[in-house]
Amino acid sequence: MTDRTRRRLVVVQVLILSLVVTLAGRLWQLQVGSGDRYARAATENLVREVVEPATRGLILDSAGRPLVANRSTLVVSVDRSVLDRQPDRGTAVLGRVARLLRVDQAELASRIRLCRPGVGRPCWNGSPYRPVPVATDVDKRVALQVLERAEDFPGITAQLEQVRDYPRPAGANAAHLLGYLGPVTEAEAAHSDALGLRDLIGRAGLERQYDRYLRGTPGTRYVAVDHLGRVVQTLRETPQIAGSHLVTTIDARVQRVTEQALREAMHRARTTPDYKDRLFKGDSGAAVVMDVTDGSIIAMASWPTYDPADWVGGLSAAEYRYLTSAKAGYPLVGQAFQGGAPPGSTFKPISAAGAAKAGYNLNAGYGCTSAFQVGNRAFKNFDSLAYGPITVAYALQVSCDTVFYRLAYDMWIKDGGNRPVDHPKDPMFAMAREFGFGKRTGVDLPNESPGRVPDRAWKLAYWEATKDELCRRAKTGYPELARTDPARAAFLTRFAAESCAQGYQLHAYDAVNFSIGQGDLLLTPLQLARAYAAIANGGTLWRPRIGKAIIGPDGKMIKKLAPKKTGRVDVPPSAMRYVREALVGTALNGTARGVFSGWPLDEFPVGSKTGTAEVFGKQPRSWFAAFGPDNKPRYAIVMTVSQGGTGSGTSGPSVRKIFEALLGLGEYQQPVIAGGRPPTALPKMRRDGSFAPPIRRGR
Amino acid sequence: MTDLGYQMRREFRPRSLAPARRIAVLARLDCLLLASVLLLTLVGSLLVWSATRVRLERAGEPTDQFLQRHLFTVALGLVLCALMARLDYRRLRVAAPVCYAISLVGLVLVLSPLGVTVNGSDSWIRLAGQSIQPSELAKPALVIMLAVVLAGAPFGPRKEPASRDDVLRALALAALPIGLVILQPDLGTVMVIGVIVVAMILISGASMGWVVALGTVAALGAVAVARLHLLSQYQLNRFAAFTNPALDPHGAGYNANQARIAIGSGGLFGKGLFEGTQTSGQFVPEQHTDFIFTVAGEELGFAGAGAIVVLLGILLWRACRIALRARDSLAALLAGGIAVWIGFQVFENIGMTLGIMPIAGLPLPFVSYGGTAMFANLAAIGILQSIHLRRRDVSPASTPS
């Protein structure tokens, strides 16, 4: 060995040993120097906070039947953060999941992408850090595969979760009342500590209205996990507190009868030809059954409807398209409280009350002519034959338009006509406000529509908002329409010119149209039901209520949701009685005679009013409003079918059917409400958590 | 009979040891080297057990399945080690071309359909149910081959440093396995072989110009590899993550990050054998092979992991010492090459778990699970002992005349 080799070996030795010293030094630095920091990081690695969702409270009908319950189901979820960690961003894993679940991989991928501007449905609207549920009611064998082959399915979990269940007692659907749940969005979670821990929140209906009672408090469990997120052991936990139950005023059986009756009315409409010999479209409808003594809603149905169970586990793209499509008639909209429409003749009792308050003698004779001339326009008597001078009561019963035209025109003249006095009284418009129209009823459901009362203030505001466009159209006309439909274009141009010049004014024809519930007036079926309830109960306006009480998970009452008076219709009691008695006559010798043929009117005198509202560009809308069953009325019922034909032909028989069910007449051997009338007591919770019907005091 | 033949008989006299002397021979072994190796394999076995126990239990297999296989490997390796110690290292001159050729065949087979791809790299071949990692065999084979070539004339202590021709021959011989390993691609092994080549040329006494030139070529080569996209994406990611592990803690930096968390959380005395939460949670990948040191770091703390570093330090010190006391250039080159090989691989392996070296798939010598590497390492120790037994300053009694 040369000296050079020896020298160089020494150098090599020094180098190697210095490397070893370097390692030792770095080891010291890491383990002793920053050991605490890494110990914390190790804990973070290891400990996961697992949110134990609280069991959501039940929604019960007044007899304790669960309208919304919970059930356990195997849910497969995808944790996006784990997928993103895969070399291929999880494509292979998703492919395996899609094959396992027998779904389309592209659909699966779109369901877990985050909702952002420019991203279409379906997408995940919840927190990006939460696993996205992609399949519910998964077969046990499929779930086991996911669990056992964790290496093949990183980020995929299959676990037993509680989801909403819809037992449909008596077959009731009640979708728009109950609503549905949706994922908590990131923004919502950021704003609320309570929400940050939860996955789902009530998004519509009672689920949303009473979310804070129903949701409970989620528990947290701190668990030790391995690198695949598998739980090794539980470190500590705070248990969940179950949500409270909501008892409603709904009676599932009446709800079912009402839904069935509405569907029958829709079917009647669709099999009836209009005057042009086309079948009525019957594109939407609603029905409300209200307890006139306290505003409780016993049943409320809307058409088109949907199955709330579709929302469980997230909507598919097809379901979402259906629920939001115009062709399907926007099934998500609750027509009963979110759909406004002109009420037609069912508004006449309010006009009559307005006239009474304005000092008109309702028993005087008013000419029921076949038409009424206002300026150069003749307003026809649509609903009835021509009679001689008749009382307002009879005008209501036979639904004579010209009597109301006459009254409205007279009032309009008294208010100064086209040169209005300083503070016009507008008695009919004022009475509409008295009955709570143009304002939300305050029902305990979200997104209620306020409807519209087209009084002078509204006309002015509307004119200011539209005059620029109308004045332009008055000049230019509608050339694009003139090519195909010159008559319509000419009409519209004339309308634009008139509106541009005097659109802010309350014209005679506005007042006249309003008196028979036509024109720009919009009411929801719920508003009309409340108004008829007020007529029936002597003038008290109740806030419609669906929630009756909140009952804790232990069965103790937490909160009583008492009925609330929101006002009294300011009409002399004698006038109110006059209108009520007049409406009872409708079934005897008025427009509802056919509807109530064979009805035991002596035993159960029912007040009613038909309505057939003209809607520009559409087929007429059918209305039927009624109260009963006797001189101390208990129920007000309103039904409407859009593009559905006449009130008596389409809606009337269905309203009669609901009355029969409530009273135990016709095909019903006994009243469908157990005990015959809505219970005052609450259902009692049994030891097993189910509910027993309320105890009734003797009749 | 030529002059060469005469010299050969005179100088090259294989010395097998008479049975009566065997006990005495044991005493003349480098006991410190032997002890550190035995202790390392013992600790390694415990760490392999700890790293695989939970996973095996979860899979429903016996928890000591890997431990048993590992112990068997170690036992077999120790027998190999003893055989190598008994063998006169000078016989390796004859064996060198054979070893070298076998290792080349292995490296070619890896690229053939026989090769098995693990973690993006074709490093294994399966033979008769056993996985063999030819790149682990290539390292000792190349050390032996280079030592033989650089030692020059096969007889007696060398008087002159390695010539230019020797160096060129050595480079040519090294180029083949390096090329084949790049094709796998197994970057860690390329690095180790590169360091071995440069160090052995340095030790051979070749002119310093060679060393400088080779260092420059290696650096340029590294740049070219990165620029010409010769590296696969995962390797680039690993290097990027090395420069900044926080860049992507769930992606490429994951291994580095988790390794550091496991080691760092061990603290001074560790969490206790089998008590490591990160280990039982399997947060660190490849924990029984390339990342075995993280088990030591977490469960045994600085006390235990530091002890492993110290044992490796003793081992390397003894290896260098044997090189310095070697009786001829071949021995010096063999021992020096082995010391550099093991030394650099230890530094790279532990260094990557500590975040001071990039991640590369290399086992920790004597500690990691893996048969091929264990055999290669223990055979190298055998060669060191063989050199030690036949060193310069042994008493004349041991060298039969």
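Two strands count as paired if DSSP finds at least two bridges between them, and the strands themselves are DSSP runs (E, at least two residues), just as helices are runs of H or I with at least four, all numbered from the N terminus. The model is a predicted one, so local features need pLDDT of at least 70 and side-chain atom pairs count only at pLDDT 80 or more, while totals for chains, interfaces and linings use all residues. Residues are numbered from 1 along each chain as its sequence is written, with chains lettered from A and ligands numbered from 1 in the order in which they are written.

With that settled, chain A comes up first. Phe627(A) has Ala636(A) in S23(A) as its bridge partner; this pair belongs to the antiparallel match of strand S22 (621-628) with strand S23 (635-642) of chain A, seven bridges in total. Both strands sit in an open, antiparallel sheet of five, ordered S12-S11-S23-S22-S21 in chain A. Strands S12 (297-303) and S21 (607-613) of chain A are at the edges with a single partner strand each, so one side of each is left without a neighbour in the sheet. On average, neighbouring strands here are turned by 5 degrees against each other, direction ignored. Helix H12 (252-270) of chain A packs on this sheet, touching S11 (284-291), S12, S22 and S23 of chain A, and its direction makes about 35 degrees with that of S12(A). Axes here are lines fitted to C-alpha atoms, for helices over the stretch in contact, and angles run from 0 to 180 degrees between N-to-C directions. Contact means C-beta atoms, placed from the backbone, within 7 Å.

Elsewhere in chain A, strand S3 (66-78) pairs antiparallel with S5 (156-165) over ten bridges, and Thr73(A) stands opposite Glu161(A) in S5(A). S3(A) also pairs antiparallel with strand S4 (132-135) of chain A, this time over three bridges, where Val78(A) has Val132(A) as its bridge partner. As for S2(A), a hairpin with five residues in between links this strand to S3(A), and Gly64(A) in the turn has a positive phi of about 85 degrees.

Then there is the contact between the chains, which takes 35 residues from chain A and 50 from chain B. On the chain A side, H1(A) gives the largest share, 19 residues.

Chain B itself comes to 15 helices and three strands. Of its 401 residues, 52% are buried (20 or more other C-beta atoms within 10 Å of the residue's own, with C-beta atoms placed from the backbone).

How values were computed: Contact = placed C-beta atoms within 7 Å. Buried ≥ 20, exposed ≤ 12 C-beta atoms within 10 Å, placed from the backbone.
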